[in-house]
Amino acid sequence: MCGIAGYFNISSDNSPGVTLLERMIHPVSHRGPDGYGFHVGRRAGLAHARLSIIDLEGGWQPIHNEDKSLWVIFNGEIFNYRELREELEERGHRFATNSDTEVIVHLYEEKQEHCLAYLNGQFAIALYDAEKEVLFLARDRMGVRPLFYTIHKGTLYFASEVKSIFAADPSLPREINPDVLREIFTFWMPGGSETVFRGIHQLEAGHWARVTAGAGLSLREYWDIPYSTADRGRFRKEDEYAEELRELLIDSVRLRLRADVPVGAYLSGGLDSSTITSLIHHYTDNPLKTFSVTFSDSIYDERAEQNEMVEFLGTDHHVEHCTYEKIGAAFPEVIWHTETPILRTAPAPLYLLSALVRDHRYKVVLTGEGADEILGGYDIFKEAKIRSFIKKDITSASRPLLLKRLYPYLALSPTKSAEFAKEFFHTDAPVDDLFYAHLPRWKTTGRTSVFFSENLKRQNFDDAVENLAARFTGKLAGLDYFSRAQYLESKLLLGNYLLSSQGDRMAMAHSVEGRFPFLDHRVVEFACAIPPNMKMKVLNEKNILKKAMANLLPQTIVKRKKQPYMAPDILSFFGENEPEYLNYYLSPQMVAEAGFFNPKAVEQLLIKCRKKARQGFRENMAFVGILSTQIVYEKFVKNFSVTMPKRLDNIKIIS
Amino acid sequence: MNPPNPTTQIRSFIFENFLFDADESSLGNDDSFMEQGIIDSTGVLELVEWLEETFSMKVQDEELVPENLDSVNKLTAFISQKTS
């Protein structure tokens with residue numbers, strides 16, 4: 001696990017060399033504190049910050065092939081590298097190291113871009129073909145590892161994090177794009193490939209890019225979540241699906257325990273992380289350390305379930321107790337790492353948790369992300385099911401009451417009144433609408449626009465949704481509403497938020513690598529073939545997973561009602577001591593200067609927050625969103641700076 | 001004694017807590033809170049908490065319906081019916 005950065009000169013022959021690479025790689029040294037490697041070619045430069053996990057001695061990057069015509073840097077893991085290496089050696093390839101990285105160069109020699117189909121892993125790859133002068137970039141299927149790029153004055157810059165790109169050249173424009181900001185204040189994350197910074201793109205999950213001097217940049221999707229392949233014609237029993245799912249998950253966990261350092265696991269107390277932890281315990285001999293977050297507030301706390309699992313499996317357990325104050329204090333640092341506005345504080349506890357993992361000298365944790373998206377776990381799926389059920393008989397007085405069964409864990413439940421719930425959940429919306437399941441959430445979130453400045457108000461809700469439709473219509477055509485909702489949650493919530501802002505960035509801030517057994521592409525492809533009505537049987541979420549794990553988990557964990565992972569939002573900033581930085585980031589001058597929000601409205605919101613009364617969804621999202629936008633503005637636009645040491649330690653220049 | 005007309009109180013509560021810095025003219029007394037997107041699903045309960053506290057009344061579950069709560073005028077009528 002590591003950080004990568006580099007450049008490719010599209011329209012100039014001058015190679016800016018190692019100084020530029022040092023400037024780019026230093027800001028992501030948290031991702032790889034064990035040393036830096038560089039290679040400067042005729043047209044491209046590659047930089048690598050290393051966190052040693054596999055082949056601790058020999059795993060320096062960049063790595064080249066036999067005749068040094070191909071150079072690769074890579075962030076992530078290829079879990080099936082041993083099998084791939086065996087095959088490649090049989091075909092005559094000679095390996096100079098024992099690292100998984102080297103597999104990529106040899107496989108690329110044989111298959112070029114088709115090599116990606118053979119990789120089971122989580123990765124961002126940059127490979128330079130020195131002979132053809134081609135830069136090849138690729139990202140894993142689900143988007144676990146990040147990769148950003150921009151083209152500026154004829155040079156393409158790429159890196160694991162945006163801060164490396166900004167550090168490359170002070171003349172690079174650093175500007176917040178109001179269209180994308182509007183998307184974040186509607187969908188919770190950017191809806192497409194452009195980040196909140198104008199002109200800075202992420203290479204999307206399941207895509208590769210080729211960059212040449214002649215043709216510039218071209219992009220191609222090599223894999224997508226195959227929801228359309230549901231086993232429609234086949235007749236399989238739930239138990240058969242459950243059994244096969246379990247076998248696949250066991251294999252996925254085994255592959256993900258491959259490392260030359262000990263591997264731990266996050267344990268939230270929910271079904272997904274409990275599943276992973278139990279599979280590690282039952283099917284491998286990995287000595288298990290588990291890590292959890294606890295909260296004082298019972299709305300968020302799951303320690304009873306965590307303790308039950310710890311007792312059940314006898315793991316060596318460690319806890320980060322998260323207080324309001326800790327979340328508030330960490331928040332600006334959290335945003336330095338998310339590099340994007342967020343509407344929830346939920347990443348902050350995971351930032352604190354990865355620090356705990358590092359303090360225990362662990363570098364790798366397995367976690368349960370992805371199960372909700374691919375196996376039908378989210379309330380938004382349940383909500384859509386109930387809404388469509390109500391719509392089938394709008395005269396029924398009892399059907400709307402089903403909405404009351406949703407969200408019982410929320411103190412201010414929107415379903416307290418079924419009459420209002422009918423309105424808020426748009427039960428009259430047409431079920432075949434492209435975004436049927438998501439529209440109620442987006443409308444609620446979109447109402448944060450009450451705080452927008454006149455300038456930002458020009459970006460409207462309908463445009464944001466239309467842009468998304470333009471991107472996804474082809475992908476969603478022919479799918480039922482349940483599969484559509486799953487696809488969108490996988491692409492947007494999982495890909496552009498959970499795996500990035502809440503996943504990679506929070507773990508890598510403390511040099512910890514997350515691994516995700518549910519996101520093994522074999523598991524994802526299999527899950528997509530399970531009929532939706534088996535995944536969510538009536539209103540029983542993740543039915544097949546529960547069946548698969550029934551004998552490997554305590555019954556209370558299997559049967560407990562899903563509690564989504566959340567952290568206190570507004571409350572984190574208005575406890576006994578308000579963080580001093582609030583007056584800086586949210587001062588009317590700073591708000592006016594940034595230009596996205598109405599300073600008077602923000603002031604009113606602060607007054608309301610200080611009353612410490614309970615607040616609704618909109619105010620919570622708005623507050624966290626406004627504060628994080630202001631921090632992004634201050635840290636990345638107004639005062640962007642990274643302090644470079646005179647020289648970097650532990651460097652290798654490979655040529 | 002006639003009960004005080006609570007319209008002004010309601011308007012100032014709505015502006016302070018849900019409209020923040022919006023213009024006085026942006027909300028008519030018959031405008032639907034839901035249609036205008038002024039109050040979201042959780043906002044309704046915030047509104048009810050305020051009603052109960054400010055007007056010393058108890059809002060029953062079955063009274064949690066748009067006919068009672070969805071505009072300034074509906075709220076005024078509801079309050080006067082509950083407190084008369």
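Two strands pair if DSSP finds at least two bridges between them, and strands (E, at least two residues) and helices (H or I, at least four) are DSSP runs numbered from the N terminus. The model shown is predicted: local features require pLDDT of at least 70 and side-chain atom pairs count only at pLDDT 80 or more, whereas totals for chains, interfaces and linings use all residues. Residues are numbered from 1 along each chain as its sequence is written, and chains are lettered from A and ligands numbered from 1 in the order in which they are written.

**View 1. The seven-stranded mixed sheet of chain A.** Seven strands form this open sheet, in the order S10-S8-S9-S1-S3-S2-S18, with mixed pairing. Strand S10 (201-202) and strand S18 (651-653) stand at the edges with a single partner strand each, so one side of each has no neighbour in the sheet. Strand S1 (residues 2-9) runs antiparallel to S3(A), to which seven bridges join it; in this pairing A:Gly3 stands opposite A:Ala49. On the way from S2(A) to S3(A), the chain passes through a hairpin of three residues.

**View 2. Strand S3 (residues 44-50) of chain A and its burial.** All seven of the seven residues of S3 are buried (20 or more other C-beta atoms within 10 Å of the residue's own, against 12 or fewer for exposed and partly exposed in between, with C-beta atoms placed from the backbone). The strand is therefore largely enclosed by the rest of the structure. In a regular strand, side chains alternate between the two faces of the sheet. In S3(A), A:Ala44, A:Leu46, A:His48 and A:Arg50 point one way, while A:Gly45, A:Ala47 and A:Ala49 point the other way.

**View 3. Strand S2 (residues 36-40) of chain A with S3(A).** The two strands run antiparallel and are joined by five bridges. Within this pair, A:Phe38 stands opposite A:Ala47 and A:Tyr36 stands opposite A:Ala49. S2(A) is also joined to S18(A), by three bridges in the parallel sense, and there the bridge partner of A:Phe38 is A:Ile653. Five of the five residues of S2(A) are buried, so this strand is largely enclosed by the rest of the structure. Both of its faces are covered, with A:Tyr36, A:Phe38 and A:Val40 buried on one side and A:Gly37 and A:His39 buried on the other.

**View 4. The five-stranded parallel sheet of chain A.** This open sheet has the strand order S15-S14-S13-S16-S17, with parallel pairing. Its edge strands, S15 (316-322) and S17 (513-515), each pair on one side only. Neighbouring strands are turned against each other by 30° on average, direction ignored. Strand S13 (residues 263-266) and strand S16 (residues 364-366) pair in the parallel sense over three bridges, and A:Ala265 has A:Leu366 of S16(A) as its bridge partner.

**View 5. Surroundings of A:Lys289 in strand S14 (residues 289-295) of chain A.** A:Lys289 is partly exposed, with 18 other C-beta atoms within 10 Å. Leaving aside residues up to four places away in sequence, A:Lys289 is in contact (C-beta atoms, placed from the backbone, within 7 Å) with A:Gly264, A:Thr315, A:Asp316, A:His318, A:His360 and A:Tyr362. The C-alpha atom of A:Lys289 is separated by 30 Å from that of A:Tyr241, 48 residues apart along the chain.

**View 6. Helix H6 (residues 238-256) of chain A.** The 19 residues of H6 reach 27 Å from first C-alpha to last, close to the 27 Å expected (1.5 Å times one less than the number of residues). Buried residues of H6(A) include A:Tyr241, A:Leu245, A:Leu249 and A:Val253. Among the elements that cover the buried residues of H6(A) are helix H7 (271-283), helix H19 (521-529), S16 and S17 of chain A.

**View 7. Packing of helix H5 (residues 178-187) on helix H14 (residues 439-446) of chain A.** The axes are 6 Å apart and meet at an angle of about 120°. That angle makes H5(A) oblique to H14(A) (not under 35 degrees, roughly parallel; over 145, roughly antiparallel; or 65 to 115, roughly perpendicular). Axes are lines fitted to C-alpha atoms, for helices over the stretch in contact, and angles run from 0 to 180 degrees between N-to-C directions. A:Phe185, A:Thr186 and A:Phe187 of H5(A) make the contact with A:Trp442, A:Thr445 and A:Gly446 of H14(A).

Methods: Two residues are in contact if their C-beta atoms, placed from the backbone, lie within 7 Å.
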